[in-house]
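Visitor: I am new to this structure and would like a close look at a single part of it. Please pick one residue, stay with it for a while, and then show me what lies around it.

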Amino acid sequence: MTRLLSILLILSISTISFAENQNKQAYIDIISIAPYMLEDQLYLDLNAKIILNQTQIEILRNGIPLTFALETVFKRERLYFFNEILDENIRKFELSYHTLSNQYLITYTNINMVKSFPNLSLALDFMSNISNIPIGSAGLIQPKIPKLKYLGLIKLGLDINSLPTPMLIPAYFSKDWSLSTPWTSWEILL
């Protein structure tokens, strides 16, 4: 009898751990932001962590792409007025699965560039480390005026509106699909 109970206990523990792995919480977290100037142009390097849950992975493997949006806002701080918005930009990239080649594809929709990866973890790592993001245009920052403070905001998230129409309503009402970081701020003082 004790042998049967111990076997049942081992099976229930393994079932619970399997269920926890199947229903892991999806999230996106910004780990670091590194702004830098190069030839009068402001650039940004972003290091994030993207984790998808089993439902999102299954939908991806069934041929439905997931679109992520990287939103940036760049402002100049002013003393007596509202901050001046110098640049706002949304960069979108689409994660999809190509069944015939068994590859994960990342398509940058703004510049029509495609990269392929043999597994999902490599694709997510690539999307998590974005470098050389241009902010604004050259000459946007005025380095000759002393003590100007520039503020930046960045947000990375899943674009629910790009999902197919039958999936939109469930996605709007499910916590599993609200996959986004809060606005994260950074600043440069010149």
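Guide: L156 is found in strand β8. The model is a predicted one, and in it L156 is buried, with a relative accessible area of 0%. Leaving aside neighbours within four places in sequence, the residues in contact with L156 are I28, L46, A48, I50, A69, L70, F93, S180 and T181. R91 can be placed relative to L156 as well: 65 residues separate the two in sequence, while their C-alpha atoms are 9.6 Å apart in space.

One of the contacts of L156 is A48, and A48 leads to a sheet. A48 belongs to β2 and stands opposite I30. Strand β2 covers residues 41-51 and is joined to β1 by eleven bridges, the two strands running antiparallel. In general, strands of a sheet pair through backbone hydrogen bonds, and they can do so in parallel or antiparallel fashion. The sheet here is open and has three strands in the order β1-β2-β7, with antiparallel pairing. Its edge strands are β1 (27-38) and β7 (129-135), each of which pairs on one side only. From one strand to the next, the twist averages 25 degrees. Helix α3 packs on this sheet and touches β2 and β7. The direction of α3 makes about 145 degrees with that of β2.

Back in strand β8, there is also a ring to consider. Y150 lies in β8, which spans residues 149-158, and its partner F74 lies in strand β3, residues 66-76. The ring centres of F74 and Y150 are 5.6 Å apart and the planes are at 5 degrees, so this pair is stacked. Stacking requires planes under 30 degrees apart. The pair links distant parts of the chain, as F74 and Y150 are 76 residues apart. F74 is buried at a relative accessible area of 0%, and Y150 is buried with a relative accessible area of 0%.

The structure holds eight aromatic pairs. Another of them joins Y108 and F126, whose ring centres are 6.5 Å apart with planes at 75 degrees, so the pair is edge-to-face. Y108 sits in strand β5 (residues 103-108) and F126 in helix α3 (residues 120-128), with their positions 18 residues apart. Y108 is buried, at a relative accessible area of 15%. F126 has 26% relative accessibility and counts as partly exposed, because buried means under 20%.

Y108 and F126 form one aromatic cluster together with F68, F93 and F117. F93 is also among the contacts of L156, which brings the account back to its starting residue. A further ring, that of Y97, has R61 over its face, at 4.4 Å from the ring centre.

The chain as a whole gives the setting for these details. Its secondary structure comes to four helices and nine strands. From the N terminus on, the elements run α-β-β-α-β-β-β-β-α-β-β-α-β. Of the 190 residues, 34% count as buried, and L156 is one of the buried residues. Among contacts between residues at least 6 apart in sequence, 62% join residues at least 24 apart. The accessible surface of the chain comes to about 11,900 Å², and 58% of that belongs to carbon and sulfur atoms.

Technical notes
Residues numbered from 1 in each chain as written. Predicted model: local features only at pLDDT ≥ 70, side-chain atom pairs only at ≥ 80, totals over all residues. Heavy atoms only, no water. Phe/Tyr/Trp six-rings, centres within 6.5 Å; stacked < 30°, edge-to-face > 60°. Buried < 20%, exposed > 50% of the residue type's maximum accessible area, 1.4 Å probe, protein only. Lys NZ or Arg CZ within 6 Å of the ring centre and 35° of its normal. Contact = heavy atoms within 4.5 Å. Areas by Shrake-Rupley, 256 points an atom, 1.4 Å probe, with all protein chains shown as cover. Pairing = 2+ DSSP bridges. Axes fitted to C-alpha atoms, helices over the stretch in contact; angles between N-to-C directions.
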